[in-house]
Amino acid sequence: MRVRFAPSPTGYLHIGNARTAVINYIIAKKYNAEYIIRIEDTDKERSTKESEISILQDLKWLGINWTEGPDMDKGHGPYRQSERDHIYKEYTDRLLKSGHGFRCFCSREQVEEDKAKAMAENKPFHDRCRNMPLAEQERLAAEGKEFTVKFKVPENTEISFDDKIKGTVTFNSDNIGGDFIIVRSDGGPVYNYIVIIDDALMEVTHVIRGEDHLSNTPKQILIAKALDLPVPEYAHLPLILGSDKKKLSKRHGITSVDLYKQEGYLPEALMNYLGLLGWSTESGEELLEFERLVELFELENIGKSPAVFDFQKLKWMNGAYLKKYPLDKVTEMFIPYIKAAGFETLPERSKLEDIISALRNSCEILSDISKFIGIFLNEINEPDEETDSHLKEDYAIDIIKICNELIEQITPDEISSFISKVKEKSPHKGKKLFHPIRAIVTGRLSGPELDIVIPIIGFDKLKKRIKYAYSRYC
RNA sequence: GUCCCCGUCGUCUAGGGGUCUAGGACAUCGGGUUUUCAUCCCGGUAACAGGGGUUCGAAUCCCCUCGGGGAUGCCA
(Lines give C-alpha, C1' and ligand atoms only; values in the text may rest on other atoms or scores of the structure.)
Protein backbone atom coordinates (compact mmCIF):
# COMPACT_ATOMS: atom_id res chain seq x y z
CA MET A 1 0.00 0.00 0.00
CA ARG A 2 1.28 3.45 -0.92
CA VAL A 3 -0.25 6.79 -0.05
CA ARG A 4 0.85 10.31 -0.81
CA PHE A 5 0.53 13.90 0.25
CA ALA A 6 0.90 16.31 -2.64
CA PRO A 7 1.12 19.95 -1.59
CA SER A 8 1.54 22.77 -4.03
CA PRO A 9 4.25 25.12 -2.80
CA THR A 10 2.36 28.35 -3.21
CA GLY A 11 2.34 29.44 0.41
CA TYR A 12 2.49 28.13 3.94
CA LEU A 13 1.05 24.79 5.00
CA HIS A 14 -2.64 25.43 5.47
CA ILE A 15 -4.43 23.77 8.34
CA GLY A 16 -6.84 22.07 5.95
CA ASN A 17 -4.04 20.54 3.96
CA ALA A 18 -2.35 19.57 7.19
CA ARG A 19 -5.47 17.61 8.02
CA THR A 20 -5.17 15.72 4.77
CA ALA A 21 -1.51 15.07 5.49
CA VAL A 22 -2.35 13.81 8.97
CA ILE A 23 -5.08 11.45 7.80
CA ASN A 24 -2.78 10.04 5.16
CA TYR A 25 -0.14 9.57 7.79
CA ILE A 26 -2.46 7.78 10.17
CA ILE A 27 -3.49 5.43 7.41
CA ALA A 28 0.10 4.91 6.34
CA LYS A 29 1.07 3.92 9.86
CA LYS A 30 -1.97 1.76 10.36
CA TYR A 31 -1.36 -0.28 7.24
CA ASN A 32 2.37 0.00 7.14
CA ALA A 33 2.26 1.88 3.87
CA GLU A 34 4.83 4.01 2.12
CA TYR A 35 4.17 7.73 2.52
CA ILE A 36 5.15 9.76 -0.49
CA ILE A 37 5.57 13.51 -0.68
CA ARG A 38 5.09 14.93 -4.13
CA ILE A 39 5.53 18.62 -4.82
CA GLU A 40 2.88 19.84 -7.23
CA ASP A 41 4.55 22.91 -8.57
CA THR A 42 3.03 23.15 -12.01
CA ASP A 43 1.89 26.69 -11.34
CA LYS A 44 5.13 28.42 -12.22
CA GLU A 45 3.81 31.84 -11.27
CA ARG A 46 3.01 31.05 -7.68
CA SER A 47 5.28 28.19 -6.72
CA THR A 48 8.32 29.03 -4.67
CA LYS A 49 11.21 27.12 -3.21
CA GLU A 50 10.70 28.86 0.12
CA SER A 51 7.22 27.59 0.58
CA GLU A 52 8.28 24.08 -0.37
CA ILE A 53 10.85 24.26 2.38
CA SER A 54 8.48 25.65 4.94
CA ILE A 55 5.77 23.13 4.12
CA LEU A 56 8.17 20.25 4.58
CA GLN A 57 9.40 21.77 7.81
CA ASP A 58 5.90 22.13 9.13
CA LEU A 59 5.08 18.54 8.25
CA LYS A 60 8.11 17.39 10.15
CA TRP A 61 7.21 19.56 13.10
CA LEU A 62 3.77 17.99 13.14
CA GLY A 63 5.46 14.64 13.45
CA ILE A 64 4.91 13.36 9.95
CA ASN A 65 7.75 11.27 8.60
CA TRP A 66 7.53 10.39 4.96
CA THR A 67 9.33 7.51 3.41
CA GLU A 68 9.71 8.95 -0.06
CA GLY A 69 9.97 12.48 -1.30
CA PRO A 70 12.13 15.13 -2.92
CA ASP A 71 14.75 14.53 -0.25
CA MET A 72 14.44 10.76 -0.38
CA ASP A 73 14.26 9.26 -3.83
CA LYS A 74 13.35 5.60 -3.71
CA GLY A 75 13.31 5.13 -7.44
CA HIS A 76 10.02 6.81 -8.20
CA GLY A 77 11.40 10.29 -8.61
CA PRO A 78 11.74 13.03 -9.41
CA TYR A 79 9.20 14.06 -6.80
CA ARG A 80 8.69 17.57 -8.09
CA GLN A 81 6.34 17.84 -11.00
CA SER A 82 8.38 20.67 -12.45
CA GLU A 83 11.17 18.13 -12.93
CA ARG A 84 8.98 15.62 -14.73
CA ASP A 85 8.16 17.50 -17.90
CA HIS A 86 9.86 14.94 -20.12
CA ILE A 87 7.56 12.27 -18.72
CA TYR A 88 4.40 14.25 -19.31
CA LYS A 89 5.45 15.12 -22.87
CA GLU A 90 5.63 11.48 -23.71
CA TYR A 91 2.11 10.89 -22.48
CA THR A 92 0.80 13.94 -24.26
CA ASP A 93 2.23 12.62 -27.51
CA ARG A 94 0.52 9.34 -26.94
CA LEU A 95 -2.79 11.05 -26.29
CA LEU A 96 -2.42 13.14 -29.41
CA LYS A 97 -1.54 10.17 -31.56
CA SER A 98 -4.29 7.96 -30.24
CA GLY A 99 -6.83 10.69 -30.74
CA HIS A 100 -7.74 10.92 -27.05
CA GLY A 101 -6.25 14.36 -27.08
CA PHE A 102 -6.13 17.18 -29.58
CA ARG A 103 -4.70 20.63 -30.04
CA CYS A 104 -7.15 23.46 -29.72
CA PHE A 105 -6.40 26.70 -31.52
CA CYS A 106 -9.49 28.60 -30.47
CA SER A 107 -9.31 31.93 -28.71
CA ARG A 108 -10.61 32.27 -25.19
CA GLU A 109 -13.47 34.33 -26.44
CA GLN A 110 -14.41 31.72 -28.99
CA VAL A 111 -14.50 28.97 -26.39
CA GLU A 112 -16.42 31.05 -23.94
CA GLU A 113 -19.00 31.76 -26.57
CA ASP A 114 -19.31 28.11 -27.59
CA LYS A 115 -19.59 27.03 -24.01
CA ALA A 116 -22.26 29.55 -23.23
CA LYS A 117 -24.20 28.36 -26.22
CA ALA A 118 -23.90 24.71 -25.26
CA MET A 119 -25.00 25.59 -21.77
CA ALA A 120 -27.99 27.53 -22.99
CA GLU A 121 -29.08 24.63 -25.15
CA ASN A 122 -28.36 22.24 -22.31
CA LYS A 123 -26.04 20.23 -24.47
CA PRO A 124 -22.60 18.91 -23.63
CA PHE A 125 -19.80 21.15 -24.78
CA HIS A 126 -17.70 19.82 -27.63
CA ASP A 127 -14.72 21.78 -28.69
CA ARG A 128 -14.51 23.08 -32.28
CA CYS A 129 -11.07 21.58 -32.77
CA ARG A 130 -12.11 18.28 -31.35
CA ASN A 131 -12.16 16.55 -34.69
CA MET A 132 -9.41 18.39 -36.47
CA PRO A 133 -7.16 15.91 -38.28
CA LEU A 134 -3.82 15.36 -36.62
CA ALA A 135 -1.94 16.46 -39.68
CA GLU A 136 -3.67 19.81 -39.70
CA GLN A 137 -3.08 20.24 -35.98
CA GLU A 138 0.61 19.68 -36.56
CA ARG A 139 0.67 22.03 -39.49
CA LEU A 140 -0.93 24.85 -37.52
CA ALA A 141 1.35 24.20 -34.60
CA ALA A 142 4.35 24.30 -36.88
CA GLU A 143 3.16 27.65 -38.17
CA GLY A 144 3.48 28.92 -34.65
CA LYS A 145 -0.19 29.27 -33.87
CA GLU A 146 -0.85 29.24 -30.18
CA PHE A 147 -2.69 26.22 -28.88
CA THR A 148 -3.66 24.28 -25.81
CA VAL A 149 -3.88 20.52 -25.64
CA LYS A 150 -7.23 19.19 -24.63
CA PHE A 151 -8.65 15.89 -23.63
CA LYS A 152 -11.43 14.65 -25.85
CA VAL A 153 -14.19 13.67 -23.47
CA PRO A 154 -16.15 10.68 -24.76
CA GLU A 155 -19.87 11.04 -25.25
CA ASN A 156 -22.47 9.75 -22.86
CA THR A 157 -20.26 7.46 -20.86
CA GLU A 158 -20.78 6.48 -17.25
CA ILE A 159 -17.84 7.01 -14.97
CA SER A 160 -18.17 5.73 -11.47
CA PHE A 161 -15.89 4.86 -8.61
CA ASP A 162 -16.19 3.65 -5.05
CA ASP A 163 -15.07 6.36 -2.74
CA LYS A 164 -14.03 5.10 0.67
CA ILE A 165 -15.80 7.98 2.34
CA LYS A 166 -18.51 9.08 -0.06
CA GLY A 167 -19.53 5.69 -1.31
CA THR A 168 -20.22 5.04 -4.98
CA VAL A 169 -20.06 8.23 -7.00
CA THR A 170 -21.27 8.27 -10.57
CA PHE A 171 -20.85 10.85 -13.30
CA ASN A 172 -21.90 10.97 -16.90
CA SER A 173 -19.16 12.18 -19.20
CA ASP A 174 -21.60 14.63 -20.74
CA ASN A 175 -21.81 16.44 -17.42
CA ILE A 176 -18.22 17.08 -16.54
CA GLY A 177 -17.81 20.29 -18.44
CA GLY A 178 -16.76 19.07 -21.84
CA ASP A 179 -13.33 18.83 -23.40
CA PHE A 180 -10.83 20.18 -20.94
CA ILE A 181 -7.32 21.56 -21.06
CA ILE A 182 -4.48 19.27 -20.14
CA VAL A 183 -1.60 21.37 -21.43
CA ARG A 184 -1.56 25.14 -21.20
CA SER A 185 -0.73 27.39 -24.08
CA ASP A 186 2.71 27.88 -22.55
CA GLY A 187 3.33 24.15 -22.77
CA GLY A 188 2.93 23.49 -19.07
CA PRO A 189 0.73 20.53 -18.16
CA VAL A 190 -2.20 21.07 -15.85
CA TYR A 191 -2.78 19.48 -12.46
CA ASN A 192 -5.87 17.56 -13.47
CA TYR A 193 -3.91 15.81 -16.14
CA ILE A 194 -0.68 14.83 -14.48
CA VAL A 195 -1.89 13.82 -11.02
CA ILE A 196 -3.20 10.62 -12.38
CA ILE A 197 -0.01 9.97 -14.32
CA ASP A 198 2.14 10.57 -11.29
CA ASP A 199 -0.05 8.55 -9.02
CA ALA A 200 0.23 5.66 -11.45
CA LEU A 201 3.95 6.01 -12.00
CA MET A 202 4.62 6.37 -8.32
CA GLU A 203 2.42 3.36 -7.74
CA VAL A 204 0.15 5.17 -5.35
CA THR A 205 -2.60 2.76 -4.36
CA HIS A 206 -4.80 5.04 -2.22
CA VAL A 207 -5.48 8.67 -2.89
CA ILE A 208 -6.77 10.45 0.20
CA ARG A 209 -7.42 14.11 -0.54
CA GLY A 210 -9.84 16.96 -0.02
CA GLU A 211 -13.38 16.86 -1.29
CA ASP A 212 -12.67 19.78 -3.59
CA HIS A 213 -11.13 17.19 -5.87
CA LEU A 214 -14.19 15.02 -6.05
CA SER A 215 -15.56 16.59 -9.21
CA ASN A 216 -12.16 16.33 -10.84
CA THR A 217 -11.94 12.64 -10.30
CA PRO A 218 -13.94 11.53 -13.35
CA LYS A 219 -11.64 13.53 -15.58
CA GLN A 220 -8.65 11.89 -14.05
CA ILE A 221 -10.17 8.46 -14.47
CA LEU A 222 -10.88 9.18 -18.11
CA ILE A 223 -7.26 10.07 -18.65
CA ALA A 224 -6.11 6.93 -16.89
CA LYS A 225 -8.33 4.85 -19.11
CA ALA A 226 -7.07 6.55 -22.26
CA LEU A 227 -3.49 5.97 -21.20
CA ASP A 228 -4.13 2.50 -19.87
CA LEU A 229 -2.94 3.48 -16.42
CA PRO A 230 -4.24 1.98 -13.18
CA VAL A 231 -6.84 3.92 -11.21
CA PRO A 232 -6.14 4.16 -7.47
CA GLU A 233 -8.62 3.81 -4.65
CA TYR A 234 -10.10 7.13 -3.62
CA ALA A 235 -11.15 8.69 -0.35
CA HIS A 236 -12.37 12.27 -0.41
CA LEU A 237 -12.22 14.07 2.90
CA PRO A 238 -14.97 16.58 3.63
CA LEU A 239 -13.70 20.13 3.76
CA ILE A 240 -12.92 22.14 6.86
CA LEU A 241 -14.97 25.29 7.20
CA GLY A 242 -14.82 28.49 9.19
CA SER A 243 -17.42 29.55 11.73
CA ASP A 244 -19.61 31.00 8.96
CA LYS A 245 -19.55 27.66 7.14
CA LYS A 246 -17.44 29.04 4.38
CA LYS A 247 -14.20 27.44 3.38
CA LEU A 248 -11.68 28.04 6.15
CA SER A 249 -9.57 31.09 5.43
CA LYS A 250 -7.47 33.67 7.20
CA ARG A 251 -10.35 35.81 8.25
CA HIS A 252 -11.62 32.98 10.44
CA GLY A 253 -8.46 32.86 12.48
CA ILE A 254 -5.07 31.28 12.14
CA THR A 255 -4.79 28.91 9.21
CA SER A 256 -1.06 28.49 8.95
CA VAL A 257 0.51 25.56 10.75
CA ASP A 258 3.61 27.64 11.26
CA LEU A 259 1.65 30.19 13.27
CA TYR A 260 0.26 27.49 15.50
CA LYS A 261 3.79 26.42 16.15
CA GLN A 262 4.81 29.97 16.97
CA GLU A 263 1.91 30.55 19.33
CA GLY A 264 2.85 27.51 21.28
CA TYR A 265 0.54 24.77 20.23
CA LEU A 266 2.02 21.32 20.66
CA PRO A 267 2.32 19.23 17.52
CA GLU A 268 0.78 16.32 19.38
CA ALA A 269 -2.30 18.37 20.18
CA LEU A 270 -2.69 19.62 16.64
CA MET A 271 -2.23 16.12 15.33
CA ASN A 272 -4.85 14.92 17.78
CA TYR A 273 -7.34 17.58 16.84
CA LEU A 274 -6.83 17.25 13.11
CA GLY A 275 -6.88 13.49 13.28
CA LEU A 276 -10.13 13.45 15.21
CA LEU A 277 -11.97 16.06 13.17
CA GLY A 278 -14.91 14.46 11.42
CA TRP A 279 -15.40 11.34 13.48
CA SER A 280 -15.35 10.11 17.04
CA THR A 281 -14.36 7.03 18.97
CA GLU A 282 -16.82 4.52 20.31
CA SER A 283 -16.01 5.31 23.90
CA GLY A 284 -16.07 9.03 23.28
CA GLU A 285 -12.46 9.52 24.35
CA GLU A 286 -10.93 12.47 22.59
CA LEU A 287 -7.46 12.85 23.97
CA LEU A 288 -5.79 10.46 21.61
CA GLU A 289 -2.09 10.37 21.15
CA PHE A 290 -0.86 9.36 17.75
CA GLU A 291 -0.57 5.64 18.43
CA ARG A 292 -4.10 5.57 19.73
CA LEU A 293 -5.32 7.48 16.69
CA VAL A 294 -3.67 4.90 14.47
CA GLU A 295 -5.26 2.14 16.46
CA LEU A 296 -8.81 3.46 16.31
CA PHE A 297 -9.01 5.30 13.03
CA GLU A 298 -10.65 3.96 9.89
CA LEU A 299 -11.43 5.96 6.77
CA GLU A 300 -14.91 4.47 6.84
CA ASN A 301 -15.80 6.16 10.09
CA ILE A 302 -15.12 9.66 8.84
CA GLY A 303 -18.37 11.56 8.39
CA LYS A 304 -19.49 12.75 4.99
CA SER A 305 -20.30 16.31 5.91
CA PRO A 306 -17.90 19.20 6.24
CA ALA A 307 -16.68 20.24 9.67
CA VAL A 308 -16.30 23.67 11.18
CA PHE A 309 -12.89 24.22 12.66
CA ASP A 310 -13.30 24.88 16.37
CA PHE A 311 -10.42 27.01 17.59
CA GLN A 312 -11.63 26.85 21.18
CA LYS A 313 -11.66 23.12 21.26
CA LEU A 314 -8.17 22.98 19.84
CA LYS A 315 -7.03 25.26 22.64
CA TRP A 316 -8.72 23.14 25.20
CA MET A 317 -7.04 20.07 23.78
CA ASN A 318 -3.67 21.76 23.79
CA GLY A 319 -4.16 22.74 27.40
CA ALA A 320 -5.01 19.17 28.23
CA TYR A 321 -1.66 18.03 26.82
CA LEU A 322 0.10 20.72 28.78
CA LYS A 323 -1.47 19.43 31.98
CA LYS A 324 -0.77 15.84 31.19
CA TYR A 325 2.92 15.92 30.28
CA PRO A 326 5.66 15.53 32.90
CA LEU A 327 6.86 18.72 34.52
CA ASP A 328 10.40 18.71 33.23
CA LYS A 329 9.22 18.22 29.68
CA VAL A 330 6.68 21.01 29.97
CA THR A 331 9.25 23.30 31.56
CA GLU A 332 11.54 22.74 28.62
CA MET A 333 8.75 23.69 26.24
CA PHE A 334 7.91 26.88 28.11
CA ILE A 335 11.45 28.21 28.31
CA PRO A 336 11.57 29.79 24.84
CA TYR A 337 8.29 31.53 25.51
CA ILE A 338 9.49 32.93 28.81
CA LYS A 339 12.55 34.30 27.06
CA ALA A 340 10.36 35.70 24.32
CA ALA A 341 8.38 37.50 27.01
CA GLY A 342 11.55 39.40 27.84
CA PHE A 343 13.12 37.35 30.60
CA GLU A 344 16.55 36.45 29.32
CA THR A 345 18.01 35.18 32.55
CA LEU A 346 15.97 32.47 34.16
CA PRO A 347 15.97 31.30 37.75
CA GLU A 348 17.64 28.04 38.64
CA ARG A 349 16.02 24.89 37.33
CA SER A 350 14.22 23.72 40.48
CA LYS A 351 12.74 27.14 41.06
CA LEU A 352 11.76 27.39 37.43
CA GLU A 353 9.97 24.09 37.69
CA ASP A 354 8.13 25.32 40.75
CA ILE A 355 6.99 28.31 38.76
CA ILE A 356 5.89 26.23 35.80
CA SER A 357 4.12 23.86 38.11
CA ALA A 358 2.14 26.78 39.48
CA LEU A 359 1.43 28.28 36.08
CA ARG A 360 0.82 25.38 33.74
CA ASN A 361 -2.83 25.06 34.67
CA SER A 362 -3.45 28.64 33.69
CA CYS A 363 -2.06 28.11 30.22
CA GLU A 364 -3.73 26.59 27.23
CA ILE A 365 -0.96 27.40 24.82
CA LEU A 366 2.70 28.00 25.55
CA SER A 367 2.59 31.71 24.78
CA ASP A 368 -0.03 32.15 27.51
CA ILE A 369 2.88 32.05 29.92
CA SER A 370 3.69 35.63 29.00
CA LYS A 371 0.54 36.75 30.79
CA PHE A 372 1.61 35.24 34.09
CA ILE A 373 5.34 34.86 34.23
CA GLY A 374 5.85 38.41 35.41
CA ILE A 375 4.10 37.50 38.63
CA PHE A 376 7.22 35.59 39.55
CA LEU A 377 10.05 37.16 37.65
CA ASN A 378 9.37 40.88 37.76
CA GLU A 379 10.49 42.88 40.74
CA ILE A 380 7.20 44.68 40.96
CA ASN A 381 4.13 44.40 38.80
CA GLU A 382 2.33 47.46 37.64
CA PRO A 383 -1.38 46.81 38.30
CA ASP A 384 -3.55 46.71 35.20
CA GLU A 385 -6.57 48.95 35.01
CA GLU A 386 -9.00 46.58 36.67
CA THR A 387 -6.63 45.70 39.47
CA ASP A 388 -5.89 49.34 39.99
CA SER A 389 -9.51 50.18 40.62
CA HIS A 390 -9.77 47.30 43.08
CA LEU A 391 -6.82 48.54 45.04
CA LYS A 392 -8.42 51.92 45.45
CA GLU A 393 -11.30 50.45 47.44
CA ASP A 394 -11.33 51.10 51.17
CA TYR A 395 -11.06 47.46 52.16
CA ALA A 396 -8.05 47.10 49.92
CA ILE A 397 -6.39 50.09 51.53
CA ASP A 398 -6.90 48.41 54.90
CA ILE A 399 -5.13 45.31 53.67
CA ILE A 400 -2.27 47.29 52.18
CA LYS A 401 -1.68 48.97 55.51
CA ILE A 402 -1.74 45.70 57.36
CA CYS A 403 0.72 44.15 54.93
CA ASN A 404 2.96 47.16 55.21
CA GLU A 405 3.12 46.87 58.99
CA LEU A 406 3.58 43.14 58.97
CA ILE A 407 6.39 43.02 56.48
CA GLU A 408 8.47 45.13 58.84
CA GLN A 409 7.82 42.77 61.73
CA ILE A 410 8.51 39.37 60.24
CA THR A 411 11.77 37.72 59.30
CA PRO A 412 12.39 36.23 55.87
CA ASP A 413 11.90 32.68 57.08
CA GLU A 414 8.44 33.54 58.25
CA ILE A 415 7.02 34.48 54.92
CA SER A 416 5.22 31.19 54.42
CA SER A 417 2.94 32.21 57.26
CA PHE A 418 2.56 35.74 55.94
CA ILE A 419 -0.95 35.24 54.68
CA SER A 420 -2.24 33.74 57.87
CA LYS A 421 -0.73 36.63 59.80
CA VAL A 422 -2.47 39.12 57.53
CA LYS A 423 -5.65 37.20 58.05
CA GLU A 424 -5.39 37.49 61.83
CA LYS A 425 -5.13 41.22 61.67
CA SER A 426 -7.63 41.78 58.94
CA PRO A 427 -11.17 42.99 59.58
CA HIS A 428 -12.07 41.50 56.17
CA LYS A 429 -12.25 37.94 54.97
CA GLY A 430 -12.92 35.95 51.84
CA LYS A 431 -12.87 37.90 48.68
CA LYS A 432 -12.18 41.23 50.35
CA LEU A 433 -9.12 39.75 51.95
CA PHE A 434 -7.63 37.62 49.23
CA HIS A 435 -8.25 39.80 46.26
CA PRO A 436 -6.30 42.71 47.70
CA ILE A 437 -3.45 40.47 48.76
CA ARG A 438 -3.30 39.02 45.29
CA ALA A 439 -3.42 42.45 43.77
CA ILE A 440 -0.65 43.76 46.00
CA VAL A 441 1.59 40.78 45.48
CA THR A 442 1.02 40.10 41.82
CA GLY A 443 -0.47 43.25 40.34
CA ARG A 444 -3.39 41.31 38.96
CA LEU A 445 -6.62 39.66 39.96
CA SER A 446 -6.00 36.12 38.82
CA GLY A 447 -3.15 33.68 38.92
CA PRO A 448 -1.81 30.74 40.87
CA GLU A 449 -2.49 30.20 44.55
CA LEU A 450 -0.92 32.82 46.77
CA ASP A 451 0.44 30.20 49.15
CA ILE A 452 2.54 29.02 46.26
CA VAL A 453 3.43 32.39 44.83
CA ILE A 454 4.77 34.01 47.99
CA PRO A 455 7.41 31.43 48.94
CA ILE A 456 8.69 31.39 45.38
CA ILE A 457 9.09 35.12 44.97
CA GLY A 458 10.71 35.38 48.39
CA PHE A 459 10.92 38.00 51.07
CA ASP A 460 12.67 40.77 49.18
CA LYS A 461 10.28 40.90 46.29
CA LEU A 462 7.33 40.59 48.58
CA LYS A 463 8.51 43.54 50.59
CA LYS A 464 9.29 45.57 47.52
CA ARG A 465 5.83 44.99 46.11
CA ILE A 466 4.10 45.86 49.37
CA LYS A 467 6.11 49.05 49.67
CA TYR A 468 5.17 49.92 46.12
CA ALA A 469 1.46 49.40 46.77
CA TYR A 470 1.73 51.40 49.99
CA SER A 471 3.39 54.34 48.34
CA ARG A 472 0.94 54.28 45.50
CA TYR A 473 -2.36 53.85 47.29
CA CYS A 474 -1.94 55.05 50.86
C1' G B 1 -27.72 27.26 -15.42
C1' U B 2 -25.90 22.03 -15.31
C1' C B 3 -23.51 18.02 -12.67
C1' C B 4 -21.49 15.97 -8.03
C1' C B 5 -21.27 15.93 -2.60
C1' C B 6 -23.59 17.13 2.02
C1' G B 7 -27.63 18.66 6.02
C1' U B 8 -28.51 15.64 14.43
C1' C B 9 -27.45 20.73 20.31
C1' G B 10 -23.69 27.32 19.02
C1' U B 11 -19.41 23.73 17.40
C1' C B 12 -17.21 18.43 16.70
C1' U B 13 -20.01 14.15 16.78
C1' A B 14 -22.87 9.05 18.57
C1' G B 15 -26.99 7.07 16.39
C1' G B 16 -27.67 2.96 10.87
C1' G B 17 -36.65 1.35 11.91
C1' G B 18 -38.58 0.35 17.93
C1' U B 19 -33.68 0.24 23.87
C1' C B 20 -34.13 8.20 21.57
C1' U B 21 -38.44 11.43 27.00
C1' A B 22 -31.74 11.52 21.04
C1' G B 23 -25.82 10.04 24.15
C1' G B 24 -20.64 12.23 24.68
C1' A B 25 -17.01 16.36 24.09
C1' C B 26 -15.83 21.85 23.51
C1' A B 27 -18.30 26.39 24.52
C1' U B 28 -22.09 28.44 27.77
C1' C B 29 -24.95 28.70 32.49
C1' G B 30 -25.51 27.11 37.77
C1' G B 31 -23.52 24.60 42.23
C1' G B 32 -19.33 22.52 45.11
C1' U B 33 -13.83 22.54 46.43
C1' U B 34 -10.07 26.53 46.71
C1' U B 35 -11.61 31.60 53.00
C1' U B 36 -9.97 35.16 46.19
C1' C B 37 -9.38 34.18 40.43
C1' A B 38 -7.92 29.89 37.67
C1' U B 39 -7.54 24.48 37.92
C1' C B 40 -10.65 20.42 39.50
C1' C B 41 -15.56 17.92 40.64
C1' C B 42 -21.00 17.86 40.03
C1' G B 43 -25.34 19.50 37.51
C1' G B 44 -28.47 22.43 33.84
C1' U B 45 -29.89 24.82 29.00
C1' A B 46 -29.51 23.30 24.01
C1' A B 47 -30.39 19.55 18.00
C1' C B 48 -32.88 15.29 14.30
C1' A B 49 -33.58 21.86 7.92
C1' G B 50 -38.96 21.65 5.95
C1' G B 51 -42.82 18.80 3.48
C1' G B 52 -44.65 14.41 1.61
C1' G B 53 -44.56 9.17 1.51
C1' U B 54 -43.16 3.55 3.05
C1' U B 55 -44.24 1.10 7.89
C1' C B 56 -47.93 -1.03 13.45
C1' G B 57 -43.65 2.28 14.29
C1' A B 58 -38.61 6.77 11.38
C1' A B 59 -33.35 10.95 13.39
C1' U B 60 -32.69 6.26 10.94
C1' C B 61 -35.61 3.94 4.12
C1' C B 62 -37.69 6.72 -0.60
C1' C B 63 -39.18 11.42 -3.12
C1' C B 64 -39.56 16.74 -3.37
C1' U B 65 -38.30 21.59 -1.54
C1' C B 66 -34.91 24.60 0.93
C1' G B 67 -29.96 25.45 2.53
C1' G B 68 -24.49 24.82 2.27
C1' G B 69 -20.14 23.21 -0.41
C1' G B 70 -17.49 21.68 -4.86
C1' A B 71 -16.69 21.35 -10.32
C1' U B 72 -17.58 23.54 -14.82
C1' G B 73 -10.92 26.72 -20.16
C1' C B 74 -5.60 27.64 -19.09
C1' C B 75 -5.21 27.22 -9.48
C1' A B 76 -4.26 22.79 -7.08
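## Two domains in chain A

The domain assignment splits out two pieces of chain A: domain 1 covers 325-372 and domain 2 covers 378-474. Keep in mind that we're looking at a predicted model here. The C-alpha centres of the two domains sit 23 Å apart. Where domain 1 and domain 2 touch, domain 1 puts in 8 residues and domain 2 puts in 6 residues.

## Around RNA strand B

There are 61 residues around RNA strand B, and the ones that come nearest are T42, V111, K115, E286 and K423. On the RNA side, sugar and phosphate make up 65% of the strand B atoms that come within 4 Å of the protein.

A few individual atom pairs are worth pulling up in your viewer. K246 has a polar side-chain atom 2.6 Å from a phosphate oxygen of RNA strand B. In S280, a side-chain N or O atom is 2.6 Å from a sugar or linking oxygen of the RNA. D212 does it with its backbone: one of its backbone N or O atoms lies 3.3 Å from a sugar or linking oxygen of RNA strand B.

Which elements give two or more residues to the surface near RNA strand B? On the helix side they are α4 (108-120), α11 (311-324) and α19 (431-442), while the strands are β4 (148-151), β6 (167-172) and β11 (307-308). As for chemistry, the residues of that surface break down into 24 charged, 20 polar and 17 nonpolar.

## The β3-β4-β7 sheet

β4 turns up again in an open sheet of 3 strands, ordered β3-β4-β7 and paired antiparallel. Why is one side of β3 and of β7 left without a neighbour in the sheet? β3 (101-104) and β7 (180-183) stand at the edges and have a single partner strand each, so there's nothing from the sheet on the other side. From one strand to the next, the twist averages 45 degrees.

Zooming in on one of those pairings, β4 and β7 run antiparallel and share 3 bridges. If you want a residue pair to check, V149 stands opposite V183 in β7. As general background, the strands of a sheet pair through backbone hydrogen bonds.

## The β5-β6 hairpin

β6, one of the elements on the surface near the RNA, also belongs to a hairpin, with 3 residues joining β5 to β6. The β5 strand (residues 158-163) is linked to β6 by 6 bridges, and the two run antiparallel. Within this pairing, S160 stands opposite T170 in β6.

Methods
Residues are numbered from 1 along each chain as its sequence is written. Chains are lettered from A and ligands numbered from 1 in the order in which they are written. This is a predicted model: local features need pLDDT of at least 70, side-chain atom pairs count only at pLDDT 80 or more; totals for chains, interfaces and linings use all residues. Side-chain values use heavy atoms; hydrogens and water are left out. A residue is near a molecule or strand if one of its heavy atoms lies within 4 Å of it. A polar contact is a pair of N or O atoms within 3.5 Å; within protein, one must be able to donate a hydrogen and the other to accept it, and residues adjacent in sequence count only if both atoms are side-chain atoms. Helices (H or I, at least four residues) and strands (E, at least two) are DSSP runs, numbered from the N terminus. Ala, Val, Leu, Ile, Met, Phe, Trp, Tyr, Cys and Pro count as nonpolar, Asp, Glu, Lys and Arg as charged, and the others, Gly among them, as polar. Two strands pair if DSSP finds at least two bridges between them. Axes are lines fitted to C-alpha atoms, for helices over the stretch in contact, and angles run from 0 to 180 degrees between N-to-C directions. Domain bounds come from an automatic or database domain assignment. Contact means heavy atoms within 4.5 Å.
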